[in-house]
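Colleague: Thanks for sitting down with me. Could you take me through the reasoning behind the labels you put on this model?

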Amino acid sequence: MSLPTWMNLLVAGSLAGGATIAIVRAVISRKSVKKKMKEEVFAKEVSAVEFEALRIECDQLGKPLVLLFHADWCRACNLLWPIYHKVASELASRAEFVTIDVDAQRPLARAMKCGSLPGIYVLKGPGNAVDISNGFMREEQLKQFLENAFSL
């Protein structure tokens, strides 16, 4: 349904309250997916196989690996998404930034013991988690968290 069509139905009052909410959620989620796709330049989505290869590469280079565990249905994840990508673009020279969808990569999320979303893990050295943060953070908090983790 195009945007004007569903808006006309809303104005005409032919949609019930539940249907209206479902349509609005669908339009919003479609926009958020498009927004995520544009921002993935700085922190790409990885699979379990890509994660293992990247982890080995970062270990060899001595570069920290920063993981964002997220889900499309998680409100805090959607709020953190643009902040994470902005910080990733600023700190790309100091660490490798990736995102992992817990719904698509359940075994990897379980192996990393990801219990709460959004989850940010900093891996340094032989692939061990140096620091873990769960929940939403403002940009300044995220930068401070990463600075502390990088200095360990």
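Modeller: Happy to; we can go through salt bridges, burial and the sheet in turn, keeping in mind that this is a predicted model.

Colleague: How many salt bridges does a search of the whole structure find?

Modeller: The search finds six.

Colleague: Why is the contact between Glu52 and Arg55 called a salt bridge?

Modeller: The cut-off is 4 Å between a side-chain nitrogen of Lys or Arg and a carboxyl oxygen of Asp or Glu. Here the N to O distance is 3.0 Å, so the pair of Glu52 and Arg55 qualifies. Both residues sit in helix α3 (residues 48–61), three residues apart, about one turn of the helix.

Colleague: What makes Glu52 and Arg55 partly exposed?

Modeller: Partly exposed covers the range between the buried limit, under 20%, and the exposed limit, over 50%. Glu52 has a relative accessible area of 33% and Arg55 has 23%, so both fall in that range.

Colleague: Why does Glu139 count as buried?

Modeller: Its relative accessibility is 17%, and buried means under 20%, so Glu139 meets the criterion.

Colleague: Which salt bridges does Glu139 form?

Modeller: Glu139 pairs with Lys86, with the closest N and O atoms 3.1 Å apart. Glu139 lies in helix α6 (residues 139–151) and Lys86 in helix α4 (residues 75–90), so this pair ties together parts that are 53 residues apart in sequence. Glu139 also pairs with Lys143, at 3.2 Å between the closest N and O atoms. That partner is four residues away in helix α6, about one helical turn. Lys86, at 40%, is partly exposed, and so is Lys143, at 31%.

Colleague: Which residues are linked in a network of salt bridges?

Modeller: The network links Lys86, Glu90, Glu139 and Lys143.

Colleague: Now the sheet: how do you know that β2 and β3 pair?

Modeller: Pairing needs at least two bridges between strands. Six bridges join β2 (residues 65–70) to β3 (residues 96–101), so they pair, and they run parallel. One of the bridge partners is Glu96 in β3, which matches Leu65.

Colleague: What makes β1 and β5 edge strands?

Modeller: The open sheet has five strands in the order β1-β3-β2-β4-β5, with mixed pairing. β1 (44–45) and β5 (128–134) each pair on one side only.

Colleague: Where do α3 and α4 lie?

Modeller: Helix α3 lies across β1, β2, β3 and β4 (119–124), at about 155 degrees to β2. Helix α4 lies across β1, β2, β3 and β4, at about 160 degrees to β2.

Key
Residues numbered from 1 in each chain as written. Predicted model: local features only at pLDDT ≥ 70, side-chain atom pairs only at ≥ 80, totals over all residues. Heavy atoms only, no water. Helix = DSSP H or I, 4+ residues; strand = E, 2+ residues; numbered from the N terminus. Buried < 20%, exposed > 50% of the residue type's maximum accessible area, 1.4 Å probe, protein only. Contact = heavy atoms within 4.5 Å. Axes fitted to C-alpha atoms, helices over the stretch in contact; angles between N-to-C directions.
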